[in-house]
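Let's take a walk through this protein together, starting on the inside and working outwards. Keep the 3D view open as you read, and find each residue as it comes up.

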Amino acid sequence: MILRTPRLELREMTEDDLPALRAILQDAETMTAYEGAFDEEMVQAWFQRMRDRYRDDGFGLWAVILRESGEMIGQCGLTRQHILDDDVIEVGYLFNRAHWHRGYATEAATGCRDHAFTTLQADRVWAQVRDTNIASMNVAIRLGMTVRGRFMKNYRGVAMPHLAFAIDRPAA
């Protein structure tokens, strides 16, 4: 186990999580910000990238488990990203559409933000949000983040405008 919140547990993904991961990554509506659903090869590459991040960085996007049922309902965690010409720690979140609008993304991302400040001793935590993704912007705002800039991200052959949200570590 990595993190516990009142309703959720966040932990490293395992092979057992692949069916739930597929349900997220292969859903076209969920993956709109990524220009559509992933095929099986992309799912496997995503999963392996997270496993590599756990090994290399000690963190990545973790499986979000609903404590009440044991079901994996999404992913949330920390990754190293390049935002506004700097290498940063970013909090990311991606949930199964059946669990949207229940506060899970905010709850999980809050735990990850706090983990970045307390355990990783990060001075700032970022979130990169496609400029059309209002729901993700709202999560970033609920985390206390503000927009620090705009940038373009090229993914799947598409130039995508993004907002760079961030929050600084609270003063001691």
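**From the core outwards**

This is a predicted model, and a good place to start is its largest nonpolar core, which has 51 residues. Within that core, Cys-76 and Val-91 have the most contacts. Helix H3, running over residues 104-118, gives the most to this core, with seven residues. As a general background, nonpolar side chains tend to be buried together in soluble globular proteins.

Let's zoom in on Val-91. Which residues does Val-91 touch, leaving aside those up to four places away in sequence? The list includes Cys-76, Gly-77 and Leu-78, then Ala-109 and Cys-112, and further along Val-125, Trp-126 and Ala-127. Leu-143 and Met-145 are on the list too. Another core lies apart from the largest one, and it is made of six residues. Among them are Ile-83, Val-88, Phe-151 and Ala-166.

Now for the charged side chains. The count of salt bridges comes to 16. Take the one between Arg-7 and Glu-107, where the closest N and O atoms are 2.7 Å apart. Arg-7 sits in the loop between strand E1 (3-4) and strand E2 (8-11), while Glu-107 belongs to helix H3, so this pair ties together parts that are 100 residues apart in sequence. Is each partner buried or exposed? Arg-7 is partly exposed, with a relative accessible area of 33%, whereas Glu-107 counts as buried at 15%, since the cut-off for buried is under 20%.

Arg-97 and Asp-27 form a salt bridge as well, at 2.8 Å from N to O. This pair also links distant parts of the chain, 70 residues apart. Arg-97 is in the loop between strand E5 (86-95) and H3, and Asp-27 is in the loop between helix H1 (18-25) and helix H2 (40-57). Arg-97 is partly exposed, with a relative accessible area of 36%, but Asp-27 is buried, at 17%. Glu-29 comes in here too: salt bridges that share partners join Asp-27, Glu-29 and Arg-97 into one network. For another kind of setting, look at Arg-55 and Asp-56, whose salt bridge has its closest N and O atoms 2.8 Å apart; both of these residues are exposed.

Next, turn to helix H4, residues 134-142. Its buried residues are Ser-136, Met-137, Val-139 and Ala-140. Look down the axis of H4 and those buried residues fall within an arc of 160°, so they line one face of the helix. What covers them? The cover includes E5, H3, strand E6 (124-130) and strand E8 (158-168). On the face of H4 turned away from the buried side you'll find the exposed residues Ile-134 and Arg-142. Just after the helix, Gly-144 takes a positive phi of about 90°.

Last stop: the largest pocket, with a volume of about 1,100 Å³. It is lined by 41 residues, and the closest to its centre are Tyr-34, Tyr-93, Leu-94, Asn-133 and Ser-136. You've already met Ser-136 as one of the buried residues of H4. Which element gives the most to the lining of the largest pocket? That is E5, with six residues. Several elements supply at least two lining residues each, including H2, strand E4 (71-83), H3, H4 and strand E7 (146-155).

How values were computed:
Residues numbered from 1 in each chain as written. Predicted model: local features only at pLDDT ≥ 70, side-chain atom pairs only at ≥ 80, totals over all residues. Heavy atoms only, no water. Core = buried A, V, L, I, M, F, W, Y, C linked by side-chain atoms within 4.5 Å. Buried < 20%, exposed > 50% of the residue type's maximum accessible area, 1.4 Å probe, protein only. Helix = DSSP H or I, 4+ residues; strand = E, 2+ residues; numbered from the N terminus. Contact = heavy atoms within 4.5 Å. Salt bridge = Lys/Arg side-chain N within 4 Å of Asp/Glu carboxyl O. Arc of directions from axis to C-beta. 1 Å grid on protein atoms, 1.4 Å probe; cavity = no way out; pocket = protein on both sides within 12 Å on 5 of 7 lines; lining within 4 Å. Points joined across faces, edges and corners; volume = space filled by probe spheres on them.
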